[in-house]
Amino acid sequence: MNDDDPLGLERRTGLPEDLLELLRRYPREKWGAHDNIHGVATFWLQRHDMFRELGGILTGAIADYREGRMDARGFAGFFAPRLEFFLGHLNGHHQVEDLHYFPIFARAESRLKRGFDILDKDHHLIHDALERNAETANAFLRALGESQDRQRFAADAYANENERLVAMLARHLDDEEDLIIPLILDRGDRELGIG
């Protein structure tokens, strides 16, 4: 999707109304009490919550470093393994969705195919953002041994990439849940062939 597309990841504020029929039947506030929430739906929501939490931890860590609450050595030791975990698991999660779950869900409910196409395009944009995030993070970590000005410049560059990635991810995760969790609640793991 190009930058002018109102359904582009960085432009949209949610999925189109025609894709939210199941969400209207199964609103978020009722998910936890539904019989079909256990299994894949719960696992899915837990993974998404983990990504949100890790994104927040990374954002907080860079803020702590930039505001002098963490020194360069402490920051690098804390940040690097968490970033690697975050980027690796997010990429793997998207691959499983693209190759396994999205095709199953699109076949189960053909009216949602356009939604899965939107989410698939999101994955490509997020993948590009993950690569930029890793590049700027590595540049920042390398700059920790350089001048204060170089460190500040690299920290700002990484913070901007991280902020963009976390915002993209937040929108994507919410939209993905709005499309998928109601479908799982409606059909159940067994009927969908995912349990």
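Trainee: In which helix is Q151 found?

Mentor: The model is a predicted one, and its protein chain holds six helices and zero strands. Within that chain, the element in which Q151 is found is helix α5.

Trainee: Is Q151 buried or exposed, and what is its relative accessible area?

Mentor: Buried means a relative accessible area under 20%. Q151 falls under that cut-off and is therefore buried, with a relative accessible area of 7%.

Trainee: Which residues is Q151 in contact with, leaving aside its neighbours within four places in sequence?

Mentor: The setting of Q151 is helix α5, where the residue is buried. Leaving aside neighbours within four places in sequence, the residues in contact with Q151 are Y65, F140, A143, L144 and E146.

Trainee: How is R150 classed by its relative accessible area?

Mentor: R150 also lies in helix α5. Its relative accessible area is 31%, and the class between under 20% and over 50% is partly exposed. R150 is therefore partly exposed.

Trainee: What separates the C-alpha atoms of R150 and F140?

Mentor: Along the chain, R150 and F140 are ten residues apart. In space, the separation of their C-alpha atoms is 8.7 Å.

Trainee: Why is Y158 classed as buried?

Mentor: Y158 has its place in helix α5. The class of buried residues is set at under 20% relative accessible area. Y158 is buried because its relative accessible area is 0%.

Trainee: Which residues does Y158 touch, not counting residues up to four places away in sequence?

Mentor: Y158 is buried, at a relative accessible area of 0%. Residues up to four places away in sequence are not counted here. The residues that Y158 touches are I62, F79, L83, N133, T136, A137 and F140.

Trainee: What separates the C-alpha atoms of Y158 and R132?

Mentor: Y158 and R132 are 26 residues apart along the chain. The separation of their C-alpha atoms is 9.0 Å.

Trainee: How are α4 and α5 oriented to each other?

Mentor: Two packed helices are described by the angle between their axes and the distance between the axes. Helix α4 covers residues 113-143 and helix α5 residues 148-187; their axes come within 9 Å and cross at roughly 160 degrees. Angles over 145 degrees count as roughly antiparallel. Helices α4 and α5 are therefore roughly antiparallel to each other.

Trainee: How many nonpolar residues has the contact of α4 with α5?

Mentor: The crossing of α4 and α5 is left-handed. By class, their contact has seven polar and seven charged residues. The number of nonpolar residues in the contact of α4 with α5 is 20.

Trainee: What is the handedness of the crossing of α2 and α3?

Mentor: Helix α2 (residues 40-66) and helix α3 (residues 72-108) have axes that come within 10 Å and cross at roughly 150 degrees. The two are therefore roughly antiparallel to each other. By class, the contact of α2 with α3 has 21 nonpolar, four polar and three charged residues. The crossing of α2 and α3 is left-handed.

Trainee: How many charged residues has the contact of α2 with α5?

Mentor: The axes of α2 and α5 come within 10 Å and cross at roughly 165 degrees. That makes α2 roughly antiparallel to α5, and the crossing of α2 and α5 is left-handed. By class, the contact of α2 with α5 has 17 nonpolar and five polar residues, and its charged residues number six.

Trainee: Is E84 buried or exposed, and what is its relative accessible area?

Mentor: E84 lies in helix α3. Its C-alpha atom and that of H48, 36 residues apart along the chain, are separated by 17 Å. Exposed means over 50% relative accessible area. E84 is therefore exposed, with a relative accessible area of 62%.

Trainee: What percentage of the residues of the protein chain count as buried?

Mentor: The C-alpha atoms of the protein chain fill a box of roughly 60 × 35 × 30 Å along the principal axes. The chain exposes about 10,200 Å², of which carbon and sulfur atoms supply 50%. Of its 195 residues, the portion that count as buried is 46%.

Technical notes:
Residues are numbered from 1 along each chain as its sequence is written. This is a predicted model: local features need pLDDT of at least 70, side-chain atom pairs count only at pLDDT 80 or more; totals for chains, interfaces and linings use all residues. Side-chain values use heavy atoms; hydrogens and water are left out. Axes are lines fitted to C-alpha atoms, for helices over the stretch in contact, and angles run from 0 to 180 degrees between N-to-C directions. Helices (H or I, at least four residues) and strands (E, at least two) are DSSP runs, numbered from the N terminus. Angles under 35 degrees count as roughly parallel, over 145 as roughly antiparallel, 65 to 115 as roughly perpendicular and the rest as oblique. A crossing is left-handed if the near helix is turned anticlockwise from the far one by less than a right angle, and right-handed if clockwise. Ala, Val, Leu, Ile, Met, Phe, Trp, Tyr, Cys and Pro count as nonpolar, Asp, Glu, Lys and Arg as charged, and the others, Gly among them, as polar. Buried means under 20% relative accessible area, exposed over 50%, partly exposed in between (1.4 Å probe, protein chains only). Accessible areas come from the Shrake-Rupley method with a 1.4 Å probe; for residues, only the protein chains shown count as cover. Contact means heavy atoms within 4.5 Å.
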